[in-house]
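Colleague: Could you walk me through reading the strands and cores of a model? I would like the general idea each time, and then the case at hand.

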Amino acid sequence: MPLPAPDSAVALAPLAGITDLPFRQLVASFGAGWVVSEMVASQEMVQAKPGVREKAELGFDQGNTAVQLAGRDAHWMAEAARVVEGNGAAMIDINMGCPAKKVTNGYSGSALLRDLDHALTLIDAVVGAVSIPVTLKTRLGWDDSLRNADTLAQRAEGAGVQRIVIHGRTRCQFYKGRADWHAIAAIKDAVSIPVIANGDIVDARSARAALRASGADGVMIGRGAQGRPWLLAQVAADLAGQAAPVIPQGAAFVDMVAAHYDAMLGFYGKTLGGRVARKHLGWYMDQTAPPAGLRKAVLTERDPARVFELLPDALTVRTAA
């Protein structure tokens, strides 16, 4: 099956603990080229470990969502791919870029950059298991002495991967320093499939700079969208020379945040949903800077009804006297 044409050249990156279904739906409501689920461990997905399938929950009517799988065993990667395809996934993304020690110590994520032959067995297994498009997300290499993403990209394309996202850092950089968008140009030159630039893209200006430096076909935004679910649509409109989306202000902003909070409560349940929501509520309040006491009250309150009562005041922008 061919890769569907995205609505824009701006995509939402997978972020652990953040890009769950409620957040992806909110971002998509403003407009996004495509969105990606949180990384899902393939074996745990197949074995239905508690909480794992929820990470990949799609809202199966959404065609612009990819489920991201990680793993080190071809059997489990293939089985997980079949599970998510059977559940209605439109795309599968393979994670070969996560730098977290708990992932790389298990020989998954960016650890696979140290063994491209093994990495290809996983790609072959997933592509061969499903009929939906398979994409790949990775980094420039393991470290500065092993920058081999161009070779991985070529081999992945040959195996049937239809798009590749490159975070412009090595694994050993984690998130330090600056993303090297110029280095992504070598991967773009190595393949004919779309290449997407990722890393330090937080607004239209940085998106344009990344595209110029890399020659990439699009950009992927992650942390920049925290507390700003409209950002992808805003950047896409700027790149395309179109009218900017309406950014919620005042009462509309309160309504948006309250609806997001309510969606998290409905998705996770009252107790877990309240905990998961705290980081999002914190990012939203970063934009309005409520008094410290009010901010603390919102983030520590366990009664959802009380949180809803506090939000209008906490999300009101204060002007100088």
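Modeller: Happily; we will go through strands, crossovers, cores and two single residues. This is a predicted model, where local features need pLDDT of at least 70, side-chain atom pairs count only at pLDDT 80 or more, and totals for chains, interfaces and linings use all residues. Residues are numbered from 1 along each chain as its sequence is written, and side-chain values use heavy atoms, with hydrogens and water left out.

Colleague: Let me start with strand 5: which of its residues point one way and which the other?

Modeller: In a regular strand the side chains alternate between the two faces of the sheet. Strands are DSSP runs of E with at least two residues, helices are runs of H or I with at least four, and both are numbered from the N terminus. In strand 5, Met91, Asp93 and Asn95 point one way, while Ile92, Ile94 and Met96 point the other way. Six of the six residues of this strand (residues 91-96) are buried, so strand 5 is largely enclosed by the rest of the structure. Buried means under 20% relative accessible area, exposed over 50%, and partly exposed in between, with a 1.4 Å probe and protein chains only.

Colleague: Which strands pair with strand 5?

Modeller: Two strands pair if DSSP finds at least two bridges between them. Strand 4 (residues 65-70) pairs with strand 5 in the parallel sense over four bridges, and Met91 is the bridge partner of Ala66. Between these two strands the chain passes through helix 4 (residues 74-86), in a right-handed β-α-β crossover. Right-handed means that, with the strands pointing away from the viewer, the path from the first strand over the helix to the second runs clockwise. Strand 6 (residues 134-139) also pairs with strand 5 in the parallel sense, over five bridges, with Val134 opposite Ile92.

Colleague: And is strand 8 covered or open on its faces?

Modeller: Both faces of strand 8 (residues 195-198) are covered: Val195 and Ala197 are buried on one side, Ile196 and Asn198 on the other. Strand 7 (residues 164-167) runs parallel to strand 8 and is joined to it by four bridges, with His167 partnered by Asn198. Helix 8 (residues 181-190) carries the chain from strand 7 to strand 8 in a right-handed crossover. Strand 9 (residues 218-221) is also parallel to strand 8, through three bridges, and there Val219 stands opposite Ala197.

Colleague: Which residues have the most contacts inside the largest nonpolar core?

Modeller: A nonpolar core is a set of buried Ala, Val, Leu, Ile, Met, Phe, Trp, Tyr and Cys residues joined through side-chain atoms within 4.5 Å. The largest has 66 residues, and Met96, Ile123, Leu136 and Leu152 have the most contacts inside it. Helix 6 (residues 116-129) gives the most to this core, with eight residues. Another core, of 22 residues, lies apart from it and includes Trp230 and Leu265.

Colleague: Now single residues: is Thr138 buried or exposed?

Modeller: Thr138, in strand 6, is buried, with a relative accessible area of 1%. A polar atom of the Thr138 side chain lies 2.9 Å from the backbone oxygen of Met96.

Colleague: And how does Pro2 read: buried or exposed?

Modeller: Pro2 is exposed, with a relative accessible area of 66%, and lies in the segment before strand 1 (10-12). Contact means heavy atoms within 4.5 Å; leaving aside neighbours within four places in sequence, Pro2 is in contact with Pro133 and Gln162.

Notes:
Polar contact = N/O pair within 3.5 Å; in protein donor to acceptor, adjacent residues only side chain to side chain.
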